[in-house]
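Reader: I have a structure to look at with you. Please show me how each term is earned.

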Amino acid sequence: MRLALGPRGLRARIVLGFAAVTLLVSVVLVTATFLLARSYLLGQREASLTRQAFADANVLNSRLATAGTDVGDLLAELVPSGGADVVLRSGDDWYSSTLDVGARDMPPDLQDIVAGGAAGTVRIDGPDGPALVVGVPLRAVGVEFYGVGRLTELRQVLATLSAVLAASAVAATAAGAGFGVWASRRAVQPLEQVAGAATRIAGGELATRLPPTDDPDLVAIVAGFNSMVDALAARIERDARFVGDVSHELRSPLTSLVTSVEVLGSRRAELSPRAGQALTLVEGELRRFRRMLDDLLQLARLDGDATAGSGLPVSMTALAREVLAVTGRPGELLEGDPDGETLVRADKNSLERAVRNLLDNADRHAGGARRVTVQRREDAVVLAVDDAGPGVPLEDRERIFERFARGAGAARRSLPGAGLGLAIVAETAARHGGAAWVADGPDGGARFCLSLPAGTP
Amino acid sequence: MPLRLLVVEDDDSIRTALRWALEDEGYDVAEAVSGEDAVRAVAVAAPDLMVVDLMLGSMDGYAVIREVRRDHDLPIIVVSARADTHDIVAALEAGADDYVTKPFEVKEITARLRALRRRAGGGTAERAPEEIVLDADPAAPLVLNEARGTVHRGDTQVPLTLTEFRLLCELAASPGRVFSRQALLERVWEHGFFGDERIVDVHVRRLRTKVETDPSAPQLVITVRGLGYRLDPR
């Protein structure tokens, strides 16, 4: 199994940091406590054992000196106090108060010290666990005294102590990690709020702001974030208003132009042939200009008005039929489900413009629409416009829905179109909670689809 | 005799071009360059129709419409550069009958004007009775006289605009029948499929303030949720 060593999140890092620090601190504390406790307890025990050995040795010494009794008998009489065993050496003979210890357990180093006439202590690992041997020479009687005190109990105490300390170290680490979880949650919570607010703003809720806070650490973040959103919203509004204002400013001259040209048009008979041709040209260009301006205004409206997507129930089939009729296209193009099943909730005029744009797009780039189908597909109503053109290359299929994108050949063929038509289709779909896309048509051309959520009456 | 039409527009080019185009269509066109001018012209010349731009100088289009509506029932079409919901609804509530957005073609305006001048009930074949009692309140009955073009509450005449009157006639011709907004738009305003249904809503609201005893709880012109409107005679 491999450990996941990828980049960790802030929360994981905070938790790990807290856990690591508490672990380190508790290990140091526990170790120090253990070592101190062990050396203190050992020292105490050794001191008492040594004291006791010397006391026993004294008793033995005085007994042997006065009575001159046999060492072996005396050892039997000697009741070792404090649970210590006694081993005696007289010449080459060894005597022991118990069968558990004997000459073999006496460390040679200590024997050398005692033989040299000095007392000493040595720690040994006897058959029953660790023990302390205290050697005392009784020179007056030619006997070497060894007291053997067991340290087994002490070891058990120390084992218990170390277990308790280890457990508390683990508990402290866990508590540290828990605190880390809490702290990280507190630390990350404002970030999550920011992330949530940013998501809502990206979703179009430009009025979203972070709530004001008293936390001195967060005040700067909150203020910075909110002023950023303010600036962003102001910028978006300014851009949208600019497009709207420019378009509105253009409307007045365009109105007098259109009306004047209509006056000219009704007097066409009075014009010379060349003037009539020029008038026809102007009329065509004016129509194109109007379309572009309408497209710009429609986009500005879709950008600026968050409620542009809401609307009344409208039958997509009926709408498609009307668009075909209004634009002078044959009604036979339409193949659709019965009216009732293709209801959507939409702003009728926005939807009309979108459908009209799809038809115009087919005119411009693919020699006209071959078929318009309206179908109910589960929770959506899909309008598809099939053409018999060259189709749209895979790599262009997203791009052509962007503003001012044109088909590859559009620039060369001097066809009208500002490249806003499909952008309006996409924006309209998005505003209504739907989608727009292009796929391969059944007849080899392109199939442009506009899908909106199905509505109820 | 040609219909007299008043064009209220502060943009000289638009006003002039509009006058030429409307004169070509056979109207007798008068011009007003400001709101005050327009109110004076209506009082003096008593035009049959009015085309008003919303953005004028000191006295804007809304004020002109409100002022003219005090004493006149003539059809008023608003010409607006802004097609925003707010502007249009405000103009309709002030008393406008219909609207077109700039840039328009003159034939759009003339089509709207023709529809608004059409005589009430002129398009429907069925023979309506002389008088229809809409509210049989013994103290003050509400009576519609389609032939004379009047509505009376008791002895006083209810001041309806031509369009409000036609809307009421349309609803009263088939009492109890539900008319969709779309159907009313087509019958009264002669709008096509893409007409603005808010026009109907605002007119119904205006009509209610004039014919209902309590406009906030309508008893006569009933909203049928999701379908449209219906008239219930009482």
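Author: Here is a short talk about one interface and one cavity. This is a predicted model, where local features need pLDDT of at least 70, side-chain atom pairs count only at pLDDT 80 or more, and totals for chains, interfaces and linings use all residues. Residues are numbered from 1 along each chain as its sequence is written, chains are lettered from A in the order in which they are written, and side-chain values use heavy atoms, without hydrogens and water.

Reader: How do you know that chain A and chain B are in contact?

Author: Contact means heavy atoms within 4.5 Å. By that rule, 25 residues of chain A are in contact with 24 residues of chain B.

Reader: What makes K348(A) and E197(B) a salt bridge?

Author: The rule asks for a side-chain nitrogen of Lys or Arg within 4 Å of a carboxyl oxygen of Asp or Glu. For K348(A) and E197(B), the N to O distance is 3.1 Å. The pair therefore meets the rule. Across the interface of chain A and chain B, the rule finds four salt bridges.

Reader: Which residues line the second largest cavity?

Author: Among them are L49(A), D56(A), F145(A) and G149(A). A lining residue has an atom within 4 Å of a cavity point; on a 1 Å grid over the protein atoms alone, a cavity is a set of points where a 1.4 Å probe fits but cannot get out.

Reader: How much space lies in the second largest cavity?

Author: About 50 Å³. That volume is the space filled by probe spheres set on the points, which are joined across faces, edges and corners. The whole structure has three cavities of 30 Å³ or more.

How values were computed:
On a 1 Å grid over the protein atoms alone, a cavity is a set of points where a 1.4 Å probe fits but cannot get out, and a pocket is an open set with protein on both sides within 12 Å along at least five of seven lines; lining residues have an atom within 4 Å of a point.
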